[in-house]
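Please look over the sequence and the predicted model shown here, and then follow the explanation through its strands, cores and ring pairs.

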Amino acid sequence: MLSKSLYIKGLKCQKLLWLNKHNKAVLTPPNADTNARFDQGNTVGGLACSLFSDGLEVPFDGTTFNQKIALTREWLGMDIESIFEATFEFDGVLVMIDVLSRSSGGGFEIYEIKSSTHAKDSYIQDAAIQYYVLKNLGYFVYKTYITILNKDYIRGDDLDVEQLFTHVDVTDDVIALQDDIPYCLDRFREVLENTNEAD
């Protein structure tokens with residue numbers, strides 16, 4: 001199984017991808033700063049989810065990926081408005097979508113939430129692999145967004161979550177990357193199957 005995080009690692013460095021599978025012990029473990037960023041990301045993600053009404057979160061703890069996929073499918077059949085951590089698998093590629101929301105234009109919208117003030121290229125690649133999986137499973141993705149912190153927001157006495165975030169439409173960028181994804185996946189699978197360390 002190739003997760004979206006491994007896919008992004010492969011785009012950055014194929015050696016890093018190989019080490020994550022074959023020799024993880026040599027990788028530097030997360031330090032206090034990294035863990036603090038993870039915690040901040042979780043906090044930001046929780047706040048961003050409050051922007052979406054009638055949402056349900058697929059539980060991470062205590063469920064297998066197959067159970068997460070089954071629950072996502074069940075909730076999609078129930079017309080749930082938004083699903084947090086919606087989980088899908090296509091052709092050995094596993095993705096968990098921060099927010100999958102029904103679109104007024106028909107189909108679905110993907111929201112990839114980041115605790116950043118810029119929609120970086122790696123975030124767009126992240127959203128692109130999610131779009132790829134959903135599209136190949138037969139879902140219509142109407143729009144894809146990177147949800148980031150609004151750098152112009154100045155907090156008053158009360159936190160205004162609506163003003164805290166901004167949604168950057170990256171749909172065209174994501175669609176432009178689709179033709180490259182099958183090639184990248186084939187290349188990454190070759191790297192992972194090789195017992196010799198990648199260069």
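**From a strand residue to the cores and rings**

Once its neighbours within four places in sequence are left aside, Val-168 is in contact with Ala-119, Thr-144, Tyr-145, Ile-146 and Ile-148. Val-168 itself belongs to strand β7, which spans residues 165–169, and at 27% relative accessibility Val-168 counts as partly exposed. The C-alpha atom of Val-168 is separated by 9.8 Å from that of Glu-112, although these two residues are 56 residues apart along the chain.

Two of the partners of Val-168, Ile-146 and Ile-148, also appear around Lys-114. Lys-114 has its place in the loop between β5 (108–113) and α5, and, again leaving aside neighbours within four places in sequence, Lys-114 is in contact with Val-44, Tyr-123, Asp-126, Ile-146, Thr-147, Ile-148 and Leu-149. Is Lys-114 buried or exposed? With a relative accessible area of 17%, Lys-114 is buried, because the limit for that class is under 20%.

These local surroundings belong to a protein with eight helices and seven strands. Of its 199 residues, 42% count as buried, and among contacts between residues at least 6 apart in sequence, 63% join residues at least 24 apart. The protein exposes about 11,200 Å², of which carbon and sulfur atoms supply 47%.

In soluble globular proteins, nonpolar side chains tend to be buried together. In this predicted model, the largest nonpolar core has 42 residues, and those with the most contacts inside it are Tyr-7, Phe-88, Ile-97, Leu-100, Ile-129 and Leu-185. The largest share of this core, nine residues, comes from α5. Apart from it lies another core, of 14 residues, which includes Phe-52, Val-99, Tyr-111 and Leu-164.

Tyr-7 gives a more detailed view of the 42-residue core. If residues up to four places away in sequence are not counted, Tyr-7 touches Leu-2, Gln-125, Ile-129, Ile-181, Cys-184, Leu-185 and Phe-188; among these partners, Ile-129 and Leu-185 are themselves listed with the residues that have the most contacts inside the core. Helix α2 (residues 14–22) contributes Leu-17, Trp-18, Leu-19 and Asn-20 as buried residues, and the buried residues of α2 pack against β1 (2–3), α1 (4–12) and α8 (181–193).

Cys-184, one of the residues touched by Tyr-7, is buried, with a relative accessible area of 8%, and Cys-49, at 17% relative accessibility, also counts as buried. How many disulfides does a search of the whole structure find? The search finds zero disulfides. A disulfide is a covalent bond between the sulfur atoms of two cysteines.

The aromatic rings offer another route through the model. When ring centres within 6.5 Å are taken as pairs, the count comes to seven aromatic pairs. In one of them, the rings of Phe-88 and Tyr-139 have their centres 5.5 Å apart and their planes at 70°, so the pair is edge-to-face, a class that requires planes over 60 degrees apart. This pair links distant parts of the chain, with Phe-88 in strand β3 (residues 82–90) and Tyr-139 in the loop between α5 (121–136) and β6 (141–149), 51 residues apart. Phe-88 is buried, with a relative accessible area of 5%, whereas Tyr-139 is partly exposed, with a relative accessible area of 25%.

Strand β3 takes part in a further pair through Phe-90. The rings of Phe-90 and Tyr-132 have their centres 6.1 Å apart and their planes at 70°, so this pair, too, is edge-to-face. Here strand β3, through Phe-90, is linked to helix α5, through Tyr-132, and the two residues are 42 residues apart. At 23% relative accessibility Phe-90 counts as partly exposed, while Tyr-132, at 10%, counts as buried.

Elsewhere, ring pairs link Phe-52, Tyr-111 and Tyr-145 into a cluster. Phe-52 and Tyr-111 are also among the residues of the 14-residue core, and Tyr-145 is one of the contacts of Val-168, so that the cluster leads back to the strand residue with which this explanation began.

Lysine side chains also meet aromatic rings in this model. Lys-68 lies over the face of Phe-60, at 4.8 Å from the ring centre, and the charged end of Lys-143 sits over the ring of Tyr-142, 5.8 Å from its centre.

Methods. Residues numbered from 1 in each chain as written. Predicted model: local features only at pLDDT ≥ 70, side-chain atom pairs only at ≥ 80, totals over all residues. Heavy atoms only, no water. Phe/Tyr/Trp six-rings, centres within 6.5 Å; stacked < 30°, edge-to-face > 60°. Helix = DSSP H or I, 4+ residues; strand = E, 2+ residues; numbered from the N terminus. Buried < 20%, exposed > 50% of the residue type's maximum accessible area, 1.4 Å probe, protein only. Lys NZ or Arg CZ within 6 Å of the ring centre and 35° of its normal. Disulfide = S-S within 2.5 Å. Contact = heavy atoms within 4.5 Å. Core = buried A, V, L, I, M, F, W, Y, C linked by side-chain atoms within 4.5 Å. Areas by Shrake-Rupley, 256 points an atom, 1.4 Å probe, with all protein chains shown as cover.
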